[in-house]
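Please open the model in the viewer and keep the sequence panel visible. The tour below proceeds by selection, stating at each stop what is to be found there.

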Amino acid sequence: MQSLPAQQYLFAHVREILPANASLADSIASLLSVSNDSAYRRIRCETALTLDETKILAEHFNLSIDQLLHFNNNSVLFQNSRITGENTFENFLKGLEEQLTAIQHFDNHEIIYLTKDIHLFQTFYFQPFFAFRYFFWMKSIIQHPDYRNKQFSFDCLPKHIEKMGHNITRLYNRYSSIELWNTECINSILFQIEYYREVGFFRSAEDIDVLYESVIETLDHLCRQAEAGSKFLPHENPELKKNNFQLYYNRVILADNTIFVKVDNRPVVYLNYDVLNYMQTSNELFCNDTYEMMQNLIRRSTLISSQNESQRYKFFNEVKQKLIAHKNKR
């Protein structure tokens, strides 16, 4: 069995994770199906945890075994969240809702979002843009059989999916966040629209125009949020919302979509891959390195929310002009 300090380290982390009103001994006894006396002996390290018991606790409390054992190597354990046949897009959204809802139970949180695209939370504001993204995901990324021979239409977005998207954005808007954007953020949506136009997946040129206008509307709303320094829905009054949004113009690197989240002093890093799927880790060294990278990037980027009006409009005008040029070139 592991050395005593490793067992102490495990229970110290479990204490941090448990709600303040929860009993550590009761929780351990319930999970391991032992008496409270046996649980106390394990907590005091008088009885060594078996490997199976360690596995149960690590899985339940989302702890990394390599961290518990203080392995000195370059391995990082990630949890994978991937849309498959059983894990549907709806379940993917439910997972996001659950994670965002959980944050509200803690006073201390920090979110830093390094994005190379118009990210998911901004996608849900306006129906035409959301509908196209949903159709693209279902047809080209998930390759759902129901969409194999379909052309795009704005009524493809199910009402319950639209409602879930709005609720996810509403939850995200509650929390303070720092976002780092660059002018390449619209490249992916431009490529997607142009590809679908070339292969004939649009029913009419008018639908393409409506879609472009919806993307422009999304960027205009992002600009209004940056100006106010707060996140809000299109129908909401920004003056009634708290200042919780910092937007940085990143001209340094074009990185992958990466989110750093710290809740109640516990960090997690989310790495996006294959458009929708993501991996997450709470590995302390990896999270710390990611945080330091982001802090370095923030120092070298330009804050364009709540201040620096000229740089803010320069950023948004450059992005919108690129969109308008693609819209008008047909």
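Begin with the two domains, coloured separately: their centres, taken over C-alpha atoms, are separated by 38 Å. Domain 1 covers residues 5-69 and domain 2 covers residues 79-328; the bounds come from an automatic or database domain assignment. The model is a predicted one, in which local features need pLDDT of at least 70 and side-chain atom pairs count only at pLDDT 80 or more, while totals for chains, interfaces and linings use all residues. Residues are numbered from 1 along each chain as its sequence is written, and side-chain values use heavy atoms, with hydrogens and water left out.

**Helix α3 and the residue after it**

Select residues 36-43, which form helix α3. Helices (H or I, at least four residues) and strands (E, at least two) are DSSP runs, numbered from the N terminus. Which residues of α3 are buried? They are Ser38, Ala39, Arg42 and Ile43. These residues lie on the same side of α3, because they cover an arc of only 140° around the axis; the arc is that of the directions from the helix axis to the C-beta atoms. Here buried means under 20% relative accessible area, exposed means over 50%, and partly exposed lies in between (1.4 Å probe, protein chains only).

Next select Cys45, which follows α3 and has a positive phi, near 65°. Cys45 counts as buried, at 11% relative accessibility. Cys287 may be selected for reference: this residue is buried as well, with a relative accessible area of 0%. A search of the whole structure finds zero disulfides, a disulfide being a pair of cysteine sulfur atoms within 2.5 Å.

**Salt bridges**

Side chains of opposite charge can pair when their charged atoms come close. A salt bridge is taken as a side-chain nitrogen of Lys or Arg within 4 Å of a carboxyl oxygen of Asp or Glu, and by this rule there are 13. Three of them may be visited, including two inside helices.

- Select Lys55 and Glu59, whose side chains meet at 2.8 Å, N to O. Both lie in helix α4 (residues 51-60), four residues apart, about one turn of the helix. Lys55 is partly exposed, with a relative accessible area of 47%, whereas Glu59 counts as exposed at 55%.
- Select Asp274 and Arg82, which form a salt bridge with their closest N and O atoms 3.1 Å apart. This pair links distant parts of the chain, 192 residues apart: Asp274 is in the loop between β6 and β7 (277-281), and Arg82 is in the loop between β1 (79-81) and α6 (89-103). Asp274 is partly exposed, with a relative accessible area of 44%, and Arg82 is partly exposed at 35%.
- Select Glu194 and Arg197 in helix α10, three residues apart, about one turn of the helix. Their closest N and O atoms are 2.9 Å apart. Is Glu194 buried or exposed? Glu194 counts as buried, at 8% relative accessibility, while Arg197 counts as partly exposed at 31%.

**Aromatic rings**

Rings of Phe, Tyr and Trp (its six-membered ring) pair if their centres lie within 6.5 Å; planes under 30 degrees apart count as stacked, over 60 as edge-to-face and the rest as tilted. The count by this rule is 26 aromatic pairs. Select Phe132 and Phe202: their ring centres are 5.8 Å apart and their planes stand at 10°, so the pair is stacked. The two residues are 70 apart along the chain, with Phe132 in helix α8 (residues 127-141) and Phe202 in the loop between α10 (187-199) and α11 (205-228). Both Phe132 and Phe202 are buried.

Then select Tyr195 and Tyr196, a tilted pair with 6.0 Å centre to centre and 55° between the planes. Tyr195 counts as partly exposed, at 43% relative accessibility, but Tyr196 is buried at 0%.

**Charges over rings**

A charge sits over a ring if NZ of Lys or CZ of Arg is within 6 Å of the ring centre and within 35 degrees of the ring normal. Select Tyr147 to find Lys150 over its face, at 4.8 Å from the ring centre. Select Tyr249 likewise: the charged end of Arg251 sits over this ring, 4.7 Å from its centre.

**Last stop**

Finally, select Asn265, in the loop between β5 (258-263) and β6 (266-273). Asn265 is exposed, with a relative accessible area of 61%. Add His109 to the selection: the C-alpha atoms of Asn265 and His109 are separated by 7.6 Å, although the residues are 156 apart along the chain.
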